[in-house]
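Colleague: Please take one helix packing in this model and go through it closely, with enough of its surroundings for me to place it in the chain as a whole.

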Amino acid sequence: MEESLPKPVPPRVGLIYDDRMCQHTDPDNDYHPETPNRIKVIWRKLHSAGILQRCVVMKAKEAEDKHIALVHKKKHIDLIRNVSSPEFDSRRSKIASKFNSIYLNEGSSKSAYLAAGAVIEVSEKVAKGELDSAVAIVRPPGHHAEPNEAMGFCLFNNVAIAASYLLNERPELGIRKILIVDWDVHHGNGTQKMFYDDPRVLFFSVHRHENGSFYPSGDDGSYTMIGEGLGSGYNINVPWEHARCGDADYFAVWEHVLVPVAKAFNPDMIIISGGFDAAIGDPLGGCCITPYGYAVMLEKLMEFAQGRVMMALEGGYNLDSLAKSVLACVKTLLKDKYVVASSGAYPFESTWRVIQAVRKKLSPFWPTLGGELPKKFFVTAKKAPAVPELISSSDSDAENDELAYTGSEAECSINSIEVVEDVIASLSTLTVDENNHSKDQIASSSASWRSNLSKVDIWYASFGSNMWIRRFLCYIEGGQVEGMQAPSPGSVDKNPPKKILWKIVPHRFFLGRSQTRTWGVGSVAFLHPESDVSSKSYTCLFKITLEQFNDVLVQENRLRPVEAINPLFDLSDLVSITKTKSLNLDALKGWYSNVVCLGTEGGHPILTMTCSNSDIELFKSGNLPMNAPSKEYRDTLVKGLVEGKQLSEEEAVAYINDGFTRPL
């Protein structure tokens, strides 16, 4: 009788999560992208997939100041420790405003200490061998935080603290070399600075850079930043020239930069700054990695350091993509398999240029990177498609009412989702069972709804800055006008409005909120969603297609990208709204997610977008401020009313002043 083989021992994968990290919220913006829902949705996804019972689940413990002090200055630690205490209540917002893309509230201190402590704890358990690998589902994120400065949603640099703790406080664990892989779409500037001269840490970051125009901006993310002193050659940046990079591009970088260097470096442990804002559909990232892509990249890293991998959450702001991507990574650590079919997408031509530049710069330190890439890769490379110019969206960009429009999934999927056989043959051992749409399916679906909705005309009624025609055309043609602090990307269909007219409607015009990304400090316009015969508001009507209206919806809200497979507002919504008069779109969580029908004109419905009824109650109670607009925004409103021959300049100013001085 044959002796049966022993069953393989399932990997011990740790998961650390703590609801108390949800106490950190933006006190001024309910729709800030770095929201508690980011970690909640991940936890729910793992629970519903039956993952939790297969892992070692832990609660977080707060980090100690002495461990945080391994990478942060005392002044910064003191601030984060105390900023949530009552004595800071009156000046907390002012302190936050001095930093780049930071908010603070009564729960920020606790959350920051828990996030850092959680990453330390699971890193230590992996280093000890108590766990084979681990995932820290934490917030606030950390990789932008510098030694003496919070920035980019980050308060403490969680990953850097944990790495320094293992190297300096626990040498007996035998972790002498750590590879930190940062695949967040933004450069890990803080982590880079903390280990720039330390050869014990090989820091690798792949990110959108665009010649330093993409957040966090500047030259720190350039491929020329290779470390200094003893750390020369131990800092590797792979800076993308544009958005829309996907699986194929990342696989190429793994195969031709990261994997050869990792073999030579031979780390004792790998720590991943796991940002998922390069995932397909992310409103800040504009890139197109699928859950499968993350799984493949992670699986390849598991071949090093005896599989000792700890991943800490960084960015990721499309909740659906975020949850699916983290699930794919945890399944990979559990050694589940995924299924995907190959359709032969290829990296961008610019990807090969970047890879060659990185290899040439680093080859004196890593001889394995010497030599030219095979010419066949350039033959099969794709050029970046000609699509509307993308805003260089950043962590900073999303603080207020608008997030960067990143184009459709169809545009992204030109260069993502599937395997490039010549480049990543050794990476393609996983299969994906996620319900991912293929490139052809996405492109076909997108083309279908756009074609259908392009045949339907509606009137878009503007009551705010879009009353000035030049401003509205930014949403169609792309660009910006004076006073705007960032450009609009425009619509896919750039044909101008077919007709323009003015109409007075029985709805209350008012100005609320305190700051916007597009116009700076000051309020923006809203229209009360319910009619009131005693109110009269001026609206400029633009006759556009329903396809263009969908693109305007995205740009006005900028909290979710266009979903290429389905429109945000389709023909069934149009039929419904003519009866219900308003429709709050679940896919949008921005300030203008409530579509309202103001009637018809020439047989076509008049649609506008404004705040929800629940926001109206918040404005009435004072929980949301009615406020004066910035000079730039006010001037744009005046131009619209005056050039539209509705009011004189004096009358327009009085109309605007009434919008924020008279209570709702």
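Modeller: A residue counts as buried when its relative accessible area is under 20%, and as exposed when that area is over 50%, with partly exposed residues in between. On that basis, in this predicted model, 62% of the 664 residues of the chain are buried. The chain holds 21 helices and 18 strands, and of the contacts between residues at least 6 apart in sequence, 77% join residues at least 24 apart.

The packing I would look at closely is that of helix H5, residues 108-128, with helix H6, residues 158-168, whose axes lie 9 Å apart and meet at an angle of about 40°. Because angles under 35 degrees count as roughly parallel and those from 65 to 115 as roughly perpendicular, H5 is classed as oblique to H6, and the crossing of the two is right-handed. From H5 the contact takes in Ala-112, Ala-115, Ala-116, Val-119, Ile-120, Ser-123, Glu-124 and Ala-127, while H6 contributes Asn-158, Val-159, Ile-161, Ala-162, Tyr-165 and Leu-166. Sorted by class, the residues in this contact of H5 with H6 are 11 nonpolar, two polar and one charged.

Another packing, to set beside this one, is that of helix H16 (residues 469-477) with helix H17 (residues 546-557), where the axes are again 9 Å apart but the angle is about 105°, which means that H16 runs roughly perpendicular to H17. Here the contact is formed by Phe-472, Cys-474, Tyr-475 and Ile-476 of H16 together with Gln-548, Val-552, Gln-555 and Glu-556 of H17, and by class it has five nonpolar, two polar and one charged residues.

As for the wider surroundings, the largest nonpolar core has 129 residues, and those with the most contacts inside it are Leu-46, Leu-179, Trp-183, Phe-204, Tyr-250 and Trp-254. Leu-179, when neighbours within four places in sequence are left aside, is in contact with Leu-202, Phe-204, Leu-258, Ala-262, Phe-265, Pro-267, Met-269, Ile-270, Ile-271 and Leu-301. Apart from the core of Leu-179 lies another, of 61 residues, which includes Tyr-538, Leu-568, Phe-619 and Val-638.

Finally, for a residue outside the buried class, Met-225 sits in the loop between strand E5 (201-208) and strand E6 (235-240) and is partly exposed, with a relative accessible area of 22%. Beyond its neighbours within four places in sequence, Met-225 is in contact with Gln-192, Tyr-196, Asp-219, Asp-220, Asn-235 and Asn-237.

Definitions and conventions: Residues are numbered from 1 along each chain as its sequence is written. This is a predicted model: local features need pLDDT of at least 70, side-chain atom pairs count only at pLDDT 80 or more; totals for chains, interfaces and linings use all residues. Side-chain values use heavy atoms; hydrogens and water are left out. Axes are lines fitted to C-alpha atoms, for helices over the stretch in contact, and angles run from 0 to 180 degrees between N-to-C directions. Helices (H or I, at least four residues) and strands (E, at least two) are DSSP runs, numbered from the N terminus. Angles under 35 degrees count as roughly parallel, over 145 as roughly antiparallel, 65 to 115 as roughly perpendicular and the rest as oblique. A crossing is left-handed if the near helix is turned anticlockwise from the far one by less than a right angle, and right-handed if clockwise. Contact means heavy atoms within 4.5 Å. Ala, Val, Leu, Ile, Met, Phe, Trp, Tyr, Cys and Pro count as nonpolar, Asp, Glu, Lys and Arg as charged, and the others, Gly among them, as polar. A nonpolar core is a set of buried Ala, Val, Leu, Ile, Met, Phe, Trp, Tyr and Cys residues joined through side-chain atoms within 4.5 Å. Buried means under 20% relative accessible area, exposed over 50%, partly exposed in between (1.4 Å probe, protein chains only).
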